[in-house]
Amino acid sequence: MLKKLFLTILLFQTITALAQVKTAKDINYAYNAKAESSLNVFYNADQIENKPVLIFIHGGSWSSGKKETYWWLGRNFARKGVVAVIINYPLAPDAQYEKMADDCALAVKWVKENSAVYKGSSDKIFIMGHSAGGHLAELINADPRYFNHAGIKNPIKGVILNDPFGLDLYEYLTTAKKDSFYFDFIRTFTSQPAVWKAASPLNYVDHIKNPHLLLYGGKTYEAIKLQTPRLYQELKAHHIPVEIKEIEGKSHVPMISQMILGGNDLYEEILKFIHQFD
């Protein structure tokens, strides 16, 4: 009887928590009416002010993906007291990496200017990216050009990279097999090695000032297993607060899809990081 009562109370609490999560959909952050420049905001309809804000940039090899896929990530973070913003950005072949990064920076600018509407703090903005989204998150954070283009100073309080791909694109593209993935990436980064270097976040570590949480899978791509620890070592050498964790048994896609479950351990890791620096 007590067990049944407990389960009923737990179910009621879960439904109540879900009901409190609100979504503001399809907001255009670039003021151009294009779906590729839009975002969704997930927030808890309570009275708590100045919550931390997490902006998520999806992966998809710079050529696929959309914000709608990650509604569960937004809802899970909102339930845990974080204002979550899931963004779209232009994709290849219609755009190359600089346009993608420029739009991601504009999304961050919009969040800084509007987060208070959703009870978020403009001084507690964190950015998270998976795969190609991890590359773009670190690129706009590390290379000053993109926030300069957006007309603001870098407002990012901390960076969370989930299995980031492309931290050193020059290294990857000069050694990678000339397969379908290679030619897909060439659409985004051209065939010019100088562009590959310019697009590699690891070349801008000198500009990084904010804390980082680096997560990568034990069964992910070799390039990620090589370059993520390298970023960790570079940040440590520059005396930047940084944590790194290898998630055993996880390959590339499951590194993000495991977070469909709100009780996944990565939420605890990320929230601990956010509250340490918010």
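A charge counts as sitting over a ring if NZ of Lys or CZ of Arg is within 6 Å of the ring centre and within 35 degrees of the ring normal. With that in hand, here are the close-ups, all taken from a predicted model.

**View 1. Two lysines sit over tyrosine faces.** K178 lies over the face of Y182, at 4.9 Å from the ring centre. The other pair to look at is K80 with Y267: here the lysine is again over the ring face, 5.2 Å from the ring centre.

**View 2. W110 and Y118 make a tilted ring pair.** The model has 16 aromatic pairs in total. In this one, the ring centres of W110 and Y118 are 6.4 Å apart and the planes meet at 35°, so the pair is tilted. That label follows because planes under 30 degrees apart would count as stacked and those over 60 as edge-to-face. Are the two partners buried or exposed? W110 is buried at 8% relative accessibility, and Y118 is buried too, with a relative accessible area of 11%.

**View 3. Seven aromatic residues gather in one cluster.** Its members are W62, Y97, F165, Y172, F185, F189 and Y221. Keep F165, F185 and Y221 in mind for the next view, since they are among the residues nearest the centre of the largest pocket.

**View 4. The largest pocket opens here.** It holds about 510 Å³ of space. Its lining runs to 27 residues, and those nearest the centre are S61, F165, F185, Y221 and H252. Which elements supply at least two lining residues each? They are β5 (120–131), α6 (169–175), α7 (180–189) and α9 (222–237). Helix α9 gives the most, with 4 residues. Sorted by class, the lining has 14 nonpolar, 9 polar and 4 charged residues.

**View 5. The second largest pocket is lined in part by α4 and α5.** This pocket has a volume of about 170 Å³. The elements giving two or more residues to its lining are α4 (132–142) and α5, with the largest share, 3 residues, coming from α4. Residues to pick out in the lining include I140, N141, P144, F147, N154 and H207. By class, the lining comes to 5 nonpolar, 5 polar and 2 charged residues.

**View 6. N141 is a buried residue of helix α4.** This asparagine lies in α4 and is buried, at 5% relative accessibility. Leaving aside residues up to four places away in sequence, N141 touches N154, I156, V159, I208, N210 and H212. Three of those names will look familiar from the previous view: N154, I208 and N210 also line the second largest pocket, as does N141 itself.

**View 7. P155 is tucked into a loop.** The proline is found between α5 (145–150) and β6 (156–164). With a relative accessible area of 14%, P155 is buried, because buried means under 20%. Which residues does P155 touch, not counting those up to four places away in sequence? The contacts are V108, K112, I125 and F147. As for the asparagine of the previous view, the C-alpha atoms of P155 and N141 are separated by 9.0 Å, with the two residues 14 apart along the chain.

**View 8. Helix α2 has several buried residues, and G81 comes just after the helix.** Spanning residues 71–79, α2 has W72, L73, G74, N76, F77 and A78 buried. An α-helix has 3.6 residues a turn, so residues three or four places apart point the same way. Just after α2, G81 takes a positive phi of about 90°.

**View 9. Three backbone oddities are worth a zoom.** Most residues other than glycine have a negative phi, and most peptide bonds are trans. The peptide bond from A92 to P93, though, is cis, with omega near 10°. P93 is found in the loop between β4 (83–87) and α3 (97–114). Next comes K119, which is not a glycine yet has a positive phi of about 65°. It is in the loop between α3 and β5 and is partly exposed, with a relative accessible area of 21%. Last is H239, also not a glycine, with a positive phi of about 60°. H239 lies in the loop between α9 and β8 (242–247), and at 73% relative accessibility it counts as exposed.

Methods. Residues are numbered from 1 along each chain as its sequence is written. This is a predicted model: local features need pLDDT of at least 70, side-chain atom pairs count only at pLDDT 80 or more; totals for chains, interfaces and linings use all residues. Side-chain values use heavy atoms; hydrogens and water are left out. Buried means under 20% relative accessible area, exposed over 50%, partly exposed in between (1.4 Å probe, protein chains only). Contact means heavy atoms within 4.5 Å. Rings of Phe, Tyr and Trp (its six-membered ring) pair if their centres lie within 6.5 Å; planes under 30 degrees apart count as stacked, over 60 as edge-to-face and the rest as tilted. On a 1 Å grid over the protein atoms alone, a cavity is a set of points where a 1.4 Å probe fits but cannot get out, and a pocket is an open set with protein on both sides within 12 Å along at least five of seven lines; lining residues have an atom within 4 Å of a point. Grid points are joined across faces, edges and corners, and a volume is the space filled by probe spheres set on the points. Ala, Val, Leu, Ile, Met, Phe, Trp, Tyr, Cys and Pro count as nonpolar, Asp, Glu, Lys and Arg as charged, and the others, Gly among them, as polar.
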